[in-house]
Amino acid sequence: MAIKQHFDLDSVEGRDRYKLLSGLIVPRPIGWIGTRRSNGSFNLAPFSFFNVVAASPPTVIFSGGRHHDRPKDTVALAEESGEFTVNIVSEDVAEAMSVTAASYGPDEDEFAIAGLTAVTGKWVEAPLVAESPANLECRVSRILDIGEGLSRLVVGRVLAVHVDEDLLDGTRVDNERLKAIGRMAGNSYVTTENIFSIERR
C-alpha cells in the first residue's frame with residue numbers, strides 16, 4: 001500500500017486547503033448561475049462548488065466566497081431576488097463559460113461580454129443561457145453562512161427544467177450527446193467521452 005501524507009486542515013493555509021480539496025473532489029459539475037439585478041441587467045458566473053442534492057423536493061446547491069470588499073455578486077443577487085438559474089455547461093459553450101469566470105464589476109453584463117443570449121424563464125425572471133443545452137429555473141430556499149461569512153451556501157428549489165429535445169428519450173437524458181464538462185483542479189476540465197457502466201449487484 002502507498003504511504004499517505006496527513007494534513008490537519010486547521011493548520012493548512014487557505015490557498016493550500018483549496019488546492020487539496022479542489023484537486024481531490026473531481027470531477028466537479030459546474031453550475032453556470034444566472035441572476036438578475038434590480039435594474040433589470042443580468043449576471044452570469046460559473047461555480048464548481050455546486051451539485052444536485054435531492055430529487056424530492058428537487059434541490060440544488062452552490063457556494064461562493066467573497067471579493068476582497070464584498071460578497072460574490074451571484075450570491076448577493078440570488079439573495080436579493082430570491083431566484084437564479086442553473087445552465088448546463090457543455091463542450092460547445094466551455095469557452096464562453098470561461099469568459100464569464102473572470103472578475104467583472106458589479107454592473108457588467110457577462111452575457112454581453114461572452115456573446116451569449118439571455119432568455120427570461122417561465123417561472124423566474126433570472127436569465128437562462130439560450131446556448132446551453134439545458135437550464136434549470138430555481139427559487140432560493142435558504143442561504144447559509146459558512147465560516148463566519150467567508151463563504152455562503154445557496155440552496156435552491158428547482159421549479160422547471162428546459163432540455164434540448166434531441167437529448168431526450170422521455171425523461172432520460174443522453175449523457176453522451178449532452179457533452180457536459182466537469183471541473184478539475186486549476187485550469188483543467190474533463191469531458192464525458194469515456195463513460196463506462198458497472199452493473200449494480
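In helix 2, the buried residues are Asp 73, Thr 74, Val 75, Leu 77 and Ala 78. The model described here is predicted. The buried residues of helix 2 pack against strand 2, strand 3, strand 5, strand 6, strand 9 and strand 10. These six strands belong to an open sheet of seven strands, and the points below cover the helix, the sheet, the aromatic pairs and the largest pocket.

**Helix 2**

- Helix 2 spans residues 73–81 and lies across strand 2 (31–36), strand 3, strand 5 (58–64), strand 6, strand 9 and strand 10 (151–163).
- With respect to strand 2, helix 2 runs at about 50°.
- Gly 82 follows helix 2 and has a positive phi, near 80°.

**The sheet**

- The order of the seven strands is 3-2-6-9-10-5-4, and their pairing is antiparallel.
- Strand 3 (42–47) and strand 4 (50–55) are the edge strands, each of them pairing on one side only.
- On average, neighbouring strands of this sheet are turned by 30° against each other, with direction ignored.
- In general, the strands of a sheet pair through backbone hydrogen bonds, in either a parallel or an antiparallel sense.
- Strand 6 (residues 83–87) pairs with strand 9 (residues 134–146) in the antiparallel sense, over five bridges.
- Within that pairing, Glu 83 has Arg 139 in strand 9 as its bridge partner.

**Strands 2 and 3**

- Six bridges join strand 2 and strand 3, which pair in the antiparallel sense.
- One of the bridge partners in strand 3 is Asn 43, which is matched with Thr 35.
- The two strands form a hairpin with five residues between them.
- In the turn of this hairpin, Gly 40 has a positive phi of about 95°.
- Five of the six residues of strand 3 are buried, so strand 3 is largely enclosed by the rest of the structure.

**Aromatic pairs**

- The count of aromatic pairs comes to four.
- Phe 42 and Phe 111 make an edge-to-face pair, with 5.8 Å centre to centre and 65° between the planes.
- Because Phe 42 lies in strand 3 and Phe 111 in helix 4 (residues 110–114), this pair ties together parts that are 69 residues apart in sequence.
- Phe 42 counts as buried at 15% relative accessibility, and Phe 111 is buried with a relative accessible area of 2%.
- Phe 62 and Phe 84 also form an edge-to-face pair, at 5.2 Å centre to centre and 75° between the planes.
- This second pair links distant parts of the chain, with Phe 62 in strand 5 and Phe 84 in strand 6, 22 residues apart.
- Phe 62 is buried, with a relative accessible area of 0%, and Phe 84 counts as buried at 0% relative accessibility.
- Phe 47 joins Phe 62 and Phe 84 in one aromatic cluster.

**The largest pocket**

- The largest pocket holds about 1600 Å³ of space.
- Its lining has 47 residues, and those closest to the centre are Tyr 18, Phe 49, Ser 63, Gly 65 and Lys 72.
- Helix 1 (14–24), strand 1 (28–29), strand 3, strand 4, strand 5, helix 2 and helix 3 (94–100) each supply at least two residues of this lining.
- Helix 1 gives the largest share of the lining, seven residues.

Note on methods: Residues are numbered from 1 along each chain as its sequence is written. This is a predicted model: local features need pLDDT of at least 70, side-chain atom pairs count only at pLDDT 80 or more; totals for chains, interfaces and linings use all residues. Side-chain values use heavy atoms; hydrogens and water are left out. Two strands pair if DSSP finds at least two bridges between them. Helices (H or I, at least four residues) and strands (E, at least two) are DSSP runs, numbered from the N terminus. Axes are lines fitted to C-alpha atoms, for helices over the stretch in contact, and angles run from 0 to 180 degrees between N-to-C directions. Contact means heavy atoms within 4.5 Å. Rings of Phe, Tyr and Trp (its six-membered ring) pair if their centres lie within 6.5 Å; planes under 30 degrees apart count as stacked, over 60 as edge-to-face and the rest as tilted. Buried means under 20% relative accessible area, exposed over 50%, partly exposed in between (1.4 Å probe, protein chains only). On a 1 Å grid over the protein atoms alone, a cavity is a set of points where a 1.4 Å probe fits but cannot get out, and a pocket is an open set with protein on both sides within 12 Å along at least five of seven lines; lining residues have an atom within 4 Å of a point. Grid points are joined across faces, edges and corners, and a volume is the space filled by probe spheres set on the points.
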